[in-house]
Amino acid sequence: MSKTKTICFTNNKGGSGKSTACANLGYELASAGKKVLLVDGDMQLNLSLSFFDEEDVLAMAESEKNLYFAIKEKKDLKDYVVSTPYENLDLIPSSTLMSQVEYELFTMMQREFVLKKCLKSIKESDIYDYILIDAPPTLGTWVINILCATDYVIVPVEASPWGLFGLANMFDFLGGMQEMTEAKIMGVLITKVDERKNYYKQTREILENFDNIDVFQTFIHVDSAIEWAQDASKPVAVYKKSTRSSKEFQQLAKEVIQYGSRER
Ligand SMILES: Nc1ncnc2c1ncn2[C@@H]1O[C@H](COP(=O)(O)OP(=O)(O)OP(=O)(O)O)[C@@H](O)[C@H]1O
Ligand SMILES: [Mg+2]
């Protein structure tokens, strides 16, 4: 079995903190000495924009070296990897053309497993400790591809009145895929916690009542440094090491690493 663990970030609710968690957890795992590949699976390009400025991201999106063309042409993704400015951290960039990926997949044989096949040689090479995939806020064939290519799922959930709305649907959707994937929910990550409001406690209580769903001990507070960091195309720890969310993502990386050692 490959040592590489693939983790995707998914929640069909938009704006729940998927891309933010994927980028910052990726950076923290890399800082902890793990070799990490990030895969930007969303046409919004948010994961790519977390590490490169707009000009570079658009150039990658307009080139043929991005995830859309690799999927369309069923290419080996090892030829699509770019280095980020950070040690141990690589990226497969996305394209706005990912908006057409459902259409491209529609006529393909074994259409649920295209991403899995494109990632096969990277996974088998054992170069990476972790492959982190950022999913879009949808539940179509493309997200099924992401789930089929994944060992573990992290579900970011916003601590807000509507944050949990539709979550049971998503767990059912994952449950319904059991024949296609062994993807397992590693945990729900509570994000955008605002202590002036009392949604955090309520959110954790409700989540803890779901059967067989773990919730990470670590949660992420609302932190304006996250938005400033994204504006500067940097992980929050690089933008401002001392900020609260930077320490929280570092703590989350510890939980994820510990989860791996528990599993073995
Ligand atoms: N902890 C936080 N504190 C403050 N702002 C945050 C935090 N987490 C995320 N945000 C902001 O919330 C917005 C949504 O976050 P993000 O893009 O990570 O969510 P997403 O789930 O990936 O969204 P989508 O479903 O559109 O892909 C972004 O503008 C981001 O800057
Ligand atoms: Mg996103």
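These exercises walk through a predicted model, from its sheet to its ligand shell and its core.

Local features here need pLDDT of at least 70, side-chain atom pairs count only at pLDDT 80 or more, and totals for chains, interfaces and linings use all residues. Residues are numbered from 1 along each chain as its sequence is written, while chains are lettered from A and ligands numbered from 1 in the order in which they are written.

**Exercise 1. The sheet**

Find the strand order of the open sheet, and name its edge strands.

Solution. Start with the terms. Strands (E, at least two residues) and helices (H or I, at least four) are DSSP runs, numbered from the N terminus. Two strands pair if DSSP finds at least two bridges between them. Now read the order: 7 strands run E3-E4-E2-E5-E1-E6-E7, with mixed pairing. The edges are E3 (82–83) and E7 (184–191), each of which pairs on one side only.

**Exercise 2. Strand E4 and its partners**

Work out how E4 (residues 89–92) is joined to E3 and to E2.

Solution. Take E3 first. E3 and E4 run antiparallel and are joined by 2 bridges. Val 82 stands opposite Leu 91, and Ser 83 stands opposite Asp 90. The hairpin has 5 residues between the strands, and in it Asn 88 takes a positive phi near 70°.

Next, take E2 (residues 36–40). E2 and E4 run parallel, with 4 bridges. Val 36 has Leu 89 of E4 as its bridge partner.

Last, check the side chains. Leu 89 and Leu 91 point one way from E4, Asp 90 and Ile 92 the other way, and all are buried. Buried means that 20 or more other C-beta atoms lie within 10 Å of a residue's own; 12 or fewer means exposed, anything in between partly exposed, and C-beta atoms are placed from the backbone.

**Exercise 3. Helix H1 and the ligand**

Compare the expected span of H1 with its end-to-end distance, then describe the shell around ligand 1.

Solution. The expected span is 1.5 Å times one less than the number of residues. H1 has 14 residues, so it should span 20 Å; its end C-alpha atoms are 20 Å apart, which agrees. Of these 14 residues, 13 are buried. After H1 comes Gly 33, with a positive phi near 95°.

Now the ligand. Its shell holds 21 residues, and the closest are Gly 14, Lys 18, Ser 19, Thr 20 and Pro 137. Helices H1 (18–31) and H10 (224–231) each supply at least two shell residues. By class, the shell has 5 nonpolar, 11 polar and 5 charged residues.

**Exercise 4. The core**

Which residues have the most contacts inside the largest nonpolar core?

Solution. A nonpolar core is a set of buried Ala, Val, Leu, Ile, Met, Phe, Trp, Tyr and Cys residues joined through C-beta atoms within 7 Å. The largest has 67 residues, and Leu 25, Val 36, Leu 132, Ile 146, Ile 154 and Leu 189 have the most contacts inside it. H1 gives the most to this core, with 7 residues. A second, separate core of 5 residues includes Leu 49, Val 57, Met 60 and Ala 61.

**Exercise 5. Lys 5**

Is Lys 5 buried or exposed?

Solution. Locate the residue: Lys 5 is in strand E1. Count the neighbours. Lys 5 has 20 C-beta neighbours inside 10 Å, so it counts as buried. Compare distances too: Lys 5 and Trp 162 lie 157 residues apart in sequence and 31 Å apart in space, C-alpha to C-alpha.

Definitions and conventions: A residue is near a molecule or strand if its C-beta atom, placed from the backbone, lies within 6 Å of it. Ala, Val, Leu, Ile, Met, Phe, Trp, Tyr, Cys and Pro count as nonpolar, Asp, Glu, Lys and Arg as charged, and the others, Gly among them, as polar.
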